[in-house]
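Reader: I would like to learn how to read a model like this one. Please take me through it feature by feature.

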Amino acid sequence: MESVFLRAWSTHVDDGLVSLFVMCILFLMTVSLLVYRHRESLECLSPRDGKSLPPGNNGLPFLGETHLLASQKDDFFRKRRTQFGAIFRTHLFGCPAVRVTGEANIKQLIQMEGHQLRSFYPVSVRRLLGDNSIATSSGPHHRERKRHLTQYLSRVFFQDHVSLFSGVVSQHLLKWNKQEVIDIYPACKALSAEVASRFLLDMELSPSQLDEIRSLLSEFTDNLFCFPVYFPGTSYYKAYNAKKRLLTIIENISKTQRPGNKQTSVLTETLQPTTDLHASQTQLEMLESLFELLFVGADNNGSGMFAIVNFLARHPEVVNKIHVELEEAGLLGGAVGDHAHEDLTLEQVRGLSYIRAVVKEAMRLMPPVGGFYRTVTEAFTINDFYIPKGWRVIAGIRETHEHDPSLTDPLRFDPDRWLSKDIKPAFLAFGGGSRVCPGKEYADILLRVFVINLMRTWSVDIVKDSSITMFPGVRPKDKMTVSLTRT
Ligand code: HEM
């Protein structure tokens with residue numbers, strides 16, 4: 001009779017053999033799939049219709065050049081542009097890709113949106129932003145959603161909100177002034193998060209609500225680009241739960257809103273029963289749309305403010321010119337903490353052409369969104385290079401500005417170039433076409449209000465400065481601290 005021990009042992013051996021067999025099969029299937037995909041991407045290297053692929057490297061098998069992008073960040077694209085030219089190929093995140101720079105080339109890509117190209121975001125971003133996001137949707141759903149929300153982000157709507165922007169900015173500047181040195185990147189993010197929360201959600205949010213929203217937004221942004229695994233402790237888990245809590249906060253705020261005031265938040269407006277948006281959107285869709293605007297708005301406007309402080313702190317000659325413009329407009333000075341800042345009007349803001357130029361020049365040289373991603377849905381030719389279906393396209397906004405052939409010294413921070421009628425610098429900081437940034441008016445006005453309030457009372461001095469890296473989802477590694485002095 002077979003002993004219990006032997007039976008257990010043979011079952012164990014059988015189980016072990018089966019597991020080994022299954023593992024071998026899985027291993028072989030994975031290797032075959034990877035070899036197939038790699039061969040597929042290499043096959044694309046042969047010329048088509050007399051057109052060759054752009055120059056560049058395919059990198060290591062399977063890994064491509066992803067590890068180099070991770071270590072070199074912005075320099076990855078800059079170095080390759082110097083080596084290969086305005087259009088070059090690489091291999092990132094398991095897929096062949098082409099980096100396209102140059103104003104005319106990017107404008108061609110913009111025209112192809114929805115035809116040969118479709119917007120692309122990593123899986124974690126797509127899942128975390130959700131089905132109702134403008135950025136990740138496409139086709140009629142995208143058009144409809146964007147049309148609805150754009151009405152609240154138009155210049156006309158801001159007429160009544162300039163004083164809100166100005167009030168929040170001056171309160172934060174007073175807080176900054178109380179600190180000996182300011183860690184400027186998080187300070188700008190906190191300021192833009194408060195403006196976004198009050199403008200989009202509720203003018204009357206309490207300090208504790210604002211604090212919670214700010215920290216949830218930062219938790220979401222810091223963990224957005226990640227491996228999409230929902231498990232306690234993972235980045236995905238943190239971002240998912242931060243968003244869930246923010247949606248609950250937005251929903252609770254929506255229950256207390258009373259439409260009717262002149263100066264209302266976007267949330268209050270969307271609650272009006274007569275609006276198109278209200279009629280066509282479910283509650284979840286509306287909450288998710290507002291969440292997207294809140295997160296994108298706070299993040300990009302914060303980076304925009306950081307870029308501006310960065311340049312003003314390095315260019316005293318520009319600060320002097322701003323002071324002259326403000327003095328001529330009767331806007332220089334004012335007692336610290338007075339409320340004159342809140343009386344700014346949209347006309348005054350728009351009348352300050354040098355400040356407009358300062359904001360444009362800062363966005364040109366340090367654009368908060370350095371590029372955008374697309375998937376090729378139909379092969380096309382650009383500048384005589386063949387780009388196969390299935391590839392990723394990465395449009396390089398930053399290098400396009402940095403290598404603008406219409407400027408003699410494109411890397412110099414020079415706001416005056418925006419005042420000359422003869423020069424037309426390339427400017428793609430807000431994208432274009434059907435994917436153009438719907439928050440561009442909001443960002444432009446807020447950033448100008450920021451410069452006005454900062455410069456009418458203060459000058460900025462750099463206390464500690466290290467190299468600054470602006471890369472999606474990654475905070476600048478090293479601190480830049482500044483101090484404010486009264487003008
Ligand atoms: C300085 C500030 C900002 C910059 C530089 C900026 C830049 C951009 C760029 C370049 C795009 C196009 C991306 C693409 O083509 O894939 C974009 C899209 C977008 N932006 Fe902004 N943005 C800023 C502020 C804002 C603000 C304040 C909001 C919201 C209130 C916002 C909401 C969006 C949304 C929802 C999209 C997706 C549009 C679509 O896919 O159709 N942005 N932004």
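Author: Start with exposure. Buried means under 20% relative accessible area, and exposed means over 50%. Partly exposed lies in between. Keep in mind that this is a predicted model.

Reader: Is Phe93 buried or exposed by that cut-off?

Author: Phe93 counts as exposed, because its relative accessibility is 56%. Phe93 sits in the loop between strand 1 (87–92) and strand 2 (95–100).

Reader: What should I check in the backbone there?

Author: Check phi. Most residues other than glycine have a negative phi. Phe93 has a positive value, near 50°.

Reader: Which value does phi take at Asp384?

Author: Phi of Asp384 is about 75°, positive although Asp384 is not a glycine. Asp384 lies in the loop between strand 6 (380–382) and strand 7 (385–387). Its relative accessible area is 55%, so Asp384 is exposed.

Reader: Next, the metal. Which protein atom is a donor to the iron atom of the ligand?

Author: A donor must be an N, O or S atom within 2.8 Å of the metal. Here the protein supplies a single donor to the iron: SG of Cys437, 2.3 Å away. Cys437 is in the loop between helix 18 (397–402) and helix 19 (440–457).

Reader: What else is found in the loop between helix 18 and helix 19?

Author: Ser406 is found there too. Ser406 counts as partly exposed, because its relative accessibility is 41%. The C-alpha atoms of Ser406 and Lys424 are 7.2 Å apart, and the two residues are separated by 18 residues along the chain.

Reader: How do I read a helix?

Author: Compare its span with the expected one, and then look at burial. Helix 9 (residues 184–200) has 17 residues. From first C-alpha to last, helix 9 reaches 24 Å, close to the 24 Å expected at 1.5 Å a residue.

Reader: Why is helix 9 called largely enclosed by the rest of the structure?

Author: Because 16 of its 17 residues are buried.

Reader: Now the aromatic pairs. What is the rule, and how many does the count come to?

Author: Ring centres must lie within 6.5 Å. Planes under 30 degrees apart count as stacked, over 60 as edge-to-face, and the rest as tilted. By this rule the count comes to 17 aromatic pairs. One of them joins Phe165 and Phe199, with 5.4 Å centre to centre and 85° between the planes, an edge-to-face pair. Phe165 is in helix 8 (residues 162–178) and Phe199 in helix 9, so this pair links distant parts of the chain, 34 residues apart. Both Phe165 and Phe199 are buried.

Reader: Which class fits the rings of Phe199 and Tyr442?

Author: Their planes are at 55°, so the pair is tilted. The ring centres are 4.8 Å apart. Phe199 lies in helix 9 and Tyr442 in helix 19, so this pair ties together parts 243 residues apart in sequence. Tyr442 is buried, as is Phe199.

Reader: Which residues do ring pairs link into a cluster?

Author: Tyr230, Tyr236, Tyr237 and Tyr240.

Reader: Last, the surface. Which residues form a nonpolar patch there?

Author: Phe227, Val229 and Phe231 do. Together they have about 360 Å² of accessible area. Patch members need over 30% relative accessible area. Phe227 has 69%, so Phe227 is exposed. Phe227 is placed in the loop between helix 10 (207–223) and helix 11 (235–256).

Conventions:
Residues are numbered from 1 along each chain as its sequence is written. This is a predicted model: local features need pLDDT of at least 70, side-chain atom pairs count only at pLDDT 80 or more; totals for chains, interfaces and linings use all residues. Side-chain values use heavy atoms; hydrogens and water are left out. Donors are N, O and S atoms within 2.8 Å of the metal (3.2 Å for Na, K and Ca); water is not among the atoms, so sites may look incomplete. Helices (H or I, at least four residues) and strands (E, at least two) are DSSP runs, numbered from the N terminus. Patches are made of residues with over 30% relative accessible area and no salt bridge: like charges are joined within 9 Å, nonpolar side chains (Val, Leu, Ile, Met, Phe, Trp, Tyr) within 5 Å. Accessible areas come from the Shrake-Rupley method with a 1.4 Å probe; for residues, only the protein chains shown count as cover. A salt bridge is a side-chain nitrogen of Lys or Arg within 4 Å of a carboxyl oxygen of Asp or Glu. Buried means under 20% relative accessible area, exposed over 50%, partly exposed in between (1.4 Å probe, protein chains only). The expected span of a helix is 1.5 Å times one less than its number of residues. Rings of Phe, Tyr and Trp (its six-membered ring) pair if their centres lie within 6.5 Å; planes under 30 degrees apart count as stacked, over 60 as edge-to-face and the rest as tilted.
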